[in-house]
Amino acid sequence: MASITTQEATAEPAPRRRRFGRPRRQGPPAPPRPRLSFRIRLRRDKSLLLMTVPALLLLLLFNYLPMAGIIVAFEHYDIYQGLIHSNFVGLDEFRQLVANPDFWHAFENTLVISFVQLILYFPVPIALALMVNTVLSTKVRGFIQAVVYLPHFFSYVLVITIFQEFLGGAGVLNVFLNKHGISSWNIMTDPGTFKYLVTAQAVWKEAGWGLIVFLAALAAIDQSLYEAAAVDGAGRWRRMRHITMPGLRGIVILMLVLRLGNALSVGFEQMLIQRQAVGAGAADVLDTYSYIYGIGGGFGSSTTMGADYSYGAAAGLFKAVLSLILILGANRLAHAFGEDGLYRK
Amino acid sequence: MSSLTQSPRAATTAPRKRAKGRQVWEERPTRIGQFSKGTVLTVVCALVIVPVWAVVLTSFSTKGSINSAGGLVLIPHGLSLQNYQLIFSGGTVSQAVYVSLFVTLIGTALSMVVSVLCAYGLSRPRSLGQRPLLMMLIVTMFFNGGLIPTFLVVSDLKLYGSLWAMILPSAVNVFNILIIRSFFQNTAAEMIEAARLDGANEWRLLWSVVIPTSRPVLAVMTMFYAVTYWGTFFNALLYEPDSRKWPLAMVIYEYTYSGNQMPGMGTTGIGGLQQASQLGLQMCVVSLSLVPIVVLTPFVQKHFAKGMLTGAIKG
């Protein structure tokens, strides 16, 4: 067994013919010429395969089985008849979905919040990274990083509680305002500014963590470029414009692609937790819509709908398919820019 | 700040003391630049530190000092352990701490074992079926059945109402597996070859060669999993109708957003309630969720970048 594997490992990687135009940067090494039979490989790799079993089993149960469970969206699900025996109704639930103005409202909310986050959230980590990168003392840098990474590890329940105690009706801000005779403003329950509130929470929680990738990209820029440019007389801003910016291009595009691919996921827990405070009109997005209508469960919903699994599943499927299209489209876009995106072409 | 005026000035200021770490060719920072940068970074750090400080401080404050502050306490006066004593005197919160600990310990152990095994199983070059298996993992990152079908499956598996419903459905994080895998792929190929020649099988290799050389990434992943389990909320909301099986986050949610009084407080008697402030008790629970994270993250912090990037870039 041992000899087989070593032989394989030392085999010369043969040059591989490429099917598409752009040369691959580091393609995987080609398989060795004399192919081992399936049986020998199975015997050789059986412990490796065995190791993947627990994870695959869990994925099968909790990821693939639900994919099969999507048929519930095409049925009129009845708890007592189960998935298989429930009435098949085809696209009925989708017809209902499309005819429901609440659904389109949730869809619109999703897009609006996503857009606000793109504009107000996306540049923050980049700007922070540029600033932190110029801090020379490693101790100070380490401290700043430790501090700004922290909120990433807080769950949204905590984040929103903290926001509540600072900006809410009885929060620090309003106590201060009242003390100085200014009328209070309960940001936490204001539907009009909810999209900014949600974005602020996202920035507070995740922007610091977002630093990591940009800091790494900055560290990867060849420092001698800066020196050469400085010797040639380029000032601070010109070095930034002509060395730093191009150096960050790849990672910025990757991050944009990821953001675009996830455009329809805008903080499910965030919306769910605050739905009661600001009302469904402002807080319903695609994810929560699917949950509220599908499982509901007396969740302070304005509608008195109980659990309608099929309808909720239809809304969920709508989102999942649209998201998939977005992710694939975003990757196309990245490839068009000559970048890798999520996966290589 | 054109280059023409810059270079002669740089020449004259050269003998002056340069900050450590600044390159010779770098111009001295402008005062305004330094000042504004310092201000912005200080404010950014304060935005994180002050809330955490206020929450923890309030949890240790007496009812009197909370009342006089009118909300969160920012400056300490009148500290006591009273809130914690009250909260731990039985009832929902102490129960929630146990639930959170159970979910975190068992969940993290399970997730790590499963992830490390899977990552190693897929990390050896040219092993049988690697590509299709990898595709099977990756597909789940792009597409999922959605909330409702998952809920139905979990219920059908008789997990509804069980503590395992907070662990099993989210036990495998494909992204984490891919990060560990790419770390394993880059780890000590020669060492693995040598050990294999010495007759070590794959299990032995994983245990005595690969795991010891991958401690940084494993530490980071353990922390990622642990933090996720510690903050578990939505699975509890979905699957745990019984308040005795609620984790901390769920308890906080119930107090703060559903307008319920602290459940379980009835058992401690009216006297206790009068001495304590609702807010103080609430902040105790929040602190219990925050503090472990605040204390533990700095230990693994230096590995974050490594752990994140090997995966993000090689994906």
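Q: Which helix gives the most residues to the largest nonpolar core?
A: This model is predicted, local features need pLDDT of at least 70, side-chain atom pairs count only at pLDDT 80 or more, and totals for chains, interfaces and linings use all residues. A nonpolar core is a set of buried Ala, Val, Leu, Ile, Met, Phe, Trp, Tyr and Cys residues joined through side-chain atoms within 4.5 Å, where buried means under 20% relative accessible area with a 1.4 Å probe and protein chains only. Of the 186 residues in the largest such core, those touching the most other members are Phe154(A), Ile251(A), Tyr291(A), Phe184(B), Phe233(B) and Phe304(B). With 14 residues, the top contributor in chain A is helix α10 (residues 194-219), helices being DSSP runs of H or I with at least four residues.

Q: Where does this core lie with respect to domain 1 (2-88) and domain 2 (92-336) of chain A, and why?
A: The domain bounds come from an automatic or database domain assignment. Because both domains of chain A give residues to this core, the core lies between them.

Q: How many residues of chain B are in contact with chain A?
A: Contact means heavy atoms within 4.5 Å, and residues are numbered from 1 along each chain as its sequence is written. One of the residues in chain B, Phe304(B), touches Tyr149(A), Phe153(A), Trp209(A) and Ile212(A), among others. On the side of chain A there are 101 residues in contact, and on the side of chain B the number is 101.

Q: How many salt bridges does the rule find across the interface of chain A and chain B?
A: A salt bridge is a side-chain nitrogen of Lys or Arg within 4 Å of a carboxyl oxygen of Asp or Glu. Across the interface of chain A and chain B, the number that the rule finds is zero.

Definitions and conventions
Chains are lettered from A and ligands numbered from 1 in the order in which they are written. Side-chain values use heavy atoms; hydrogens and water are left out. Buried means under 20% relative accessible area, exposed over 50%, partly exposed in between (1.4 Å probe, protein chains only). Helices (H or I, at least four residues) and strands (E, at least two) are DSSP runs, numbered from the N terminus. Lists of a residue's contacts leave out its neighbours within four places in sequence.
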